[in-house]
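The following note sets out comments on the fold, the sheets and the packing of the chain shown below. Each point is meant to be read beside the coordinates.

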Amino acid sequence: MRQIIFLSLSGVGKSTCIRRLEATGQYRRGITCTTRPLRTGDAVDDYDRLTLDEFKAKAAVGEMAESTIYDDAAYGILQQRIDEAKAAHTSTIWALNDEGL
């Protein structure tokens with residue numbers, strides 16, 4: 001199965017594209033992590049929620065595949081989530097903001 005990355009600026013429609021692809025049943029959205037609080041419309045499982053200290057600790061020991069600070073919150077992908085997606089043999093789509101690379 002494939003690991004697909006959508007990379008672009010914030011607010012250009014990555015999540016909309018991913019939702020449409022998920023609806024086909026052929027793809028699933030990769031779970032990323034953030035330190036930001038839940039917003040209206042967020043599902044509890046949209047992100048792995050971490051405190052800033054937890055985020056920094058994971059980054060310090062190399063557990064983050066990528067990370068960025070954007071709009072006063074930290075965002076990233078835990079390497080464990082990528083490994084789980086590969087092991088599940090599912091086509092997974094990851095949404096990245098270009099500031100994270």
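**Notes on the model**

1. Strand β3, residues 32–34, runs parallel to β4, and three bridges join the pair. Within this pairing, T32 has Y47 of β4 as its bridge partner. The model is a predicted one, and the points below should be read accordingly.

2. The sheet that holds this pair is open and has four strands, ordered β4-β3-β6-β5, with mixed pairing. Its edges are formed by β4 (47–49) and β5 (64–70), each of which pairs on one side only. From one strand to the next, the twist averages 25°.

3. Two helices lie across strands of the four-stranded sheet. Helix α2, residues 52–60, lies across β3, β4, β5 and β6 (73–78), and its direction is at about 45° to β6. Helix α3, residues 79–87, lies across β4, β5 and β6, at about 35° to β6.

4. A further open sheet consists of three strands in the order β1-β7-β2, and here the pairing is parallel. The edge positions belong to β1 (3–8) and β2 (28–29); each has a single partner strand, so one side of each is left without a neighbour in the sheet. Helix α3 also packs on this sheet, where it touches β1, β2 and β7, and its direction makes about 155° with that of β7. Helix α3 therefore deserves attention in both contexts, since it lies across β4, β5 and β6 and packs on the sheet of β1, β2 and β7 as well.

5. The pairing of β1 with β7 (residues 92–97) is parallel and extends over six bridges. One of the bridge partners to inspect is L96 in β7, which is matched with L7.

6. Which residues make up the largest nonpolar core? The core has six residues in all: C33, L50, F55, M64, A74 and L78. Apart from this core lies another, of five residues, including I77, I82, A85 and W94. As general background, nonpolar side chains tend to be buried together in soluble globular proteins.

7. A74, a member of the largest core, merits a closer look. Leaving aside residues up to four places away in sequence, A74 touches C33, T34, T35, L52, F55, T68 and I69. Of these contacts, C33 and F55 are also listed in the largest nonpolar core.

8. The cysteines call for a brief comment. C33 has 0% relative accessibility and so counts as buried, the cut-off being under 20%. C17 counts as partly exposed because its relative accessibility is 40%, a value between the 20% and 50% limits. With a disulfide taken as a pair of cysteine sulfur atoms within 2.5 Å, the count is zero.

9. On the overall architecture, the chain contains three helices and seven strands. From the N terminus on, these elements follow the order β-α-β-β-β-α-β-β-α-β. The radius of gyration is 13 Å, close to the 13 Å given by the globule rule for 101 residues, so the chain is as compact as a globular protein of that length.

10. Some global values complete the picture. The C-alpha trace spans about 35 × 30 × 25 Å along its principal axes. Of the 101 residues, 30% count as buried. Among contacts with a separation of 6 or more, 53% are accounted for by residues 24 or more positions apart.

Technical notes:
Residues numbered from 1 in each chain as written. Predicted model: local features only at pLDDT ≥ 70, side-chain atom pairs only at ≥ 80, totals over all residues. Heavy atoms only, no water. Buried < 20%, exposed > 50% of the residue type's maximum accessible area, 1.4 Å probe, protein only. Core = buried A, V, L, I, M, F, W, Y, C linked by side-chain atoms within 4.5 Å. Contact = heavy atoms within 4.5 Å. Pairing = 2+ DSSP bridges. Axes fitted to C-alpha atoms, helices over the stretch in contact; angles between N-to-C directions. Rg over C-alpha atoms; globule rule 2.2 N^0.38 Å.
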